[in-house]
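Hello,

Here is the structure I promised to pass along. Have a look at it first, and my notes on what turned up follow underneath.

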Amino acid sequence: MSKFITLSNVSKIFNPGTPLEVDALQDIDLVLDRGEFVVLSGPSGSGKTTLLNLMGGLDRASGGTIRIDGKEITALHEDALCDERRDNIGFIFQAYNLIPVFSAKENIEYVMKLQGRDQPSCDRRVTEVAKKLGIEKLLHKLPSNLSGGQQQRVAVARAVASKPKLILADEPTANLDSVSAGELMDMMEKLNREENITIIFSSHDPMVIGKAKRSVVLKDGKVIKNETVS
Amino acid sequence: MFKLIFKSALASLLRRKLRTALVITMIAMSLWGLLLMQGIYDGMVQQMIGNAVRSDSSQLSIFAKGFRAQPDVKLQLQKQQEIKNFLAHHPNVKSHISRILSRGLIATARYNRNALIYGIDPGAEITHASLNRYVVEGAFDFGDKRRGALLGYKLAKKLKISPGDKVVLSAQSMDQQIASVALRVKGVLRTNNLSIDESGVFMHKQRAKAMLGLENAHQIAVMVHDYSRVATLQTQLRTKFPGVKSYTWEQLYPALQQSRELMELFNSISYAIVFCTAAIGIFGVVLVSVLERLREFGVLRAIGTRFGVIAAMIFAESFLIGVAGFAAGSLLGGATLEYFAAFGLDLRSFSDALGEFGIDAVTYAMIKPEYFTTSFVAVFAATFLSVLIPLRILRKSKPVEVINE
């Protein structure tokens, strides 16, 4: 195991200098190793989503530094951050956020196309990932013709297909029933194990939290617990 | 990448089929109208110019110096034969003819009118500019004894005469006397060249020479192969024959040239209207499309799509609408113009009114490649400009905010 993600004194202040100023994150120090399966938990407003957004370069930290695989993403400009997300980070959203006009297959191969991979290579990878996630028969369907659980599997496939080093998932099971949620977590765990992808997800759900190998608990923008789960 | 951008743009347009179809129709219809108006108006002006050129000025006319300012019968072309020889061997000269020109009086037993007398060689006129095609009554012929006359249709109407009737033509001769000749009307011409239709009287050149006591002609009318090089010919004539002056049809008919320029201005305004129509239509579609997909674009940026790629997707959407509208409008407009170019726009029920302005009753449309290239540029510019504001809105939006909305 090696240091993969390092957060040093990371803070995030929303609406600074206004009456609506909020300290969403305060002096977060966190080190995560490559290949970890981490859950961020804590009450609503504790800073889970903000922390995921900062690690994914979707938002800028007010202070501190974030290094992913040795690269300080807090120092990157917009296009470089975008390239970093394209090449190294996969996202899974609570509301799936698939592109409605693309079929499941087109959604899954989208990032690979951005990376410039050729069609046969995309096809091979889509088939491989779809098989792992059990969505081979859904590939031609539009998102509007898929159930919530199926859409989230496609979203996971999209995040995984481009072989990122890190997957960030913000409450990926929040819109799913308990059976679908359990299945999805099992699949993510399997991907973590088989593809050695570092996965960090946030959740309130004790069943989902229980699947993680490391638990980071946040409260009022601070890490109050960071422990490996046996 | 291009395929991805194109596919995304096409899919987004197909998501709102009716809206897309409406904008494409709007662009197509305005373009159709523009092409139709342009082709018809250009055809109309071109026919007016053609009438003036064929019936009178040709593309270049050569006169003795001073004749245009004071058309004195004495101002014949000196060195006429030398000029004709020069023109006969000039590579840019297609054909040339000489004419006698004089002002005079035409009279019947009951009426008389001012007349513009043209002494012409009928055979040469036919091969030079097909003057015979303007005959609407009688024949293009002066008879065996060359005692025939051809009259403009308005003049014939005013004099209440028709082929077979007798007229007397009088004009001042070289010796300052009034010379007269009795002629029989052989035909009536409708050239839609107002001055000829109202007062033109054509007689045989030899008869006119004899009547006026002339040795040479007053005008040599020239048709050229390449009109863009006519200025060179004018310079050569000026250098070689200092006693003559040449005029292009634009110089002889400045009003027609102005009509053409006016039409070009009108066309520019029409292009601006099409441009605005396309720009506003596309702007509306793209703006709504961007606003309703802010979250989607936020997700695309979150998963690694650079803003430039998203901008290209939006531009491609706009471009596809523009190209589809342009294609439909061009096909429709082109086909309609082809029809009117072949069969003409028949306005014979307004022929008298149109004749007052020198416009033919049947207008044949023109089709120029620049109609389509200029329209394409206008539509392309509209597609480009119409996405700038939606892109600015998108640029300001933060993926992290729009995704979580």
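Glu296(B) and Arg293(B) form a salt bridge, with their closest N and O atoms 3.8 Å apart. Both Glu296(B) and Arg293(B) are buried. Please keep in mind that this is a predicted model.

Another pair you may like is Asp42(B) with Lys368(B), a salt bridge whose closest N and O atoms are 3.6 Å apart. Asp42(B) sits in helix H2 (residues 17-57) of chain B, while Lys368(B) is in the loop between strand E12 (362-363) and helix H14 (369-386), so the salt bridge ties together parts that are 326 residues apart in sequence. Asp42(B) is buried, at 11% relative accessible area, whereas Lys368(B) is partly exposed at 26%.

Arg348(B) and Asp346(B) also meet in a salt bridge, at 2.7 Å from N to O. Here Arg348(B) is exposed, with 55% relative accessibility, and Asp346(B) is partly exposed at 42%. There is a network too: salt bridges with shared partners join Asp79(A), Asp83(A), Arg86(A), Asp87(A) and Arg306(B). Over all chains, the count is 34 salt bridges.

As for chain B overall, its secondary structure comprises 16 helices and 12 strands. Its radius of gyration is 31 Å, where a compact globule of 405 residues would have one near 22 Å. The C-alpha trace of chain B spans about 105 × 50 × 30 Å along its principal axes, and 53% of the 405 residues count as buried. Chain B carries 47 positive and 29 negative charges, and their mean positions are 3 Å apart.

Best wishes

Methods. Residues are numbered from 1 along each chain as its sequence is written. Chains are lettered from A and ligands numbered from 1 in the order in which they are written. This is a predicted model: local features need pLDDT of at least 70, side-chain atom pairs count only at pLDDT 80 or more; totals for chains, interfaces and linings use all residues. Side-chain values use heavy atoms; hydrogens and water are left out. Helices (H or I, at least four residues) and strands (E, at least two) are DSSP runs, numbered from the N terminus. The radius of gyration is taken over C-alpha atoms; the globule rule is 2.2 Å times the number of residues to the power 0.38. Buried means under 20% relative accessible area, exposed over 50%, partly exposed in between (1.4 Å probe, protein chains only). Lys and Arg count as positive and Asp and Glu as negative; His and the chain ends are not counted. The place of a charge is taken as NZ of Lys, CZ of Arg, CG of Asp or CD of Glu. A salt bridge is a side-chain nitrogen of Lys or Arg within 4 Å of a carboxyl oxygen of Asp or Glu.
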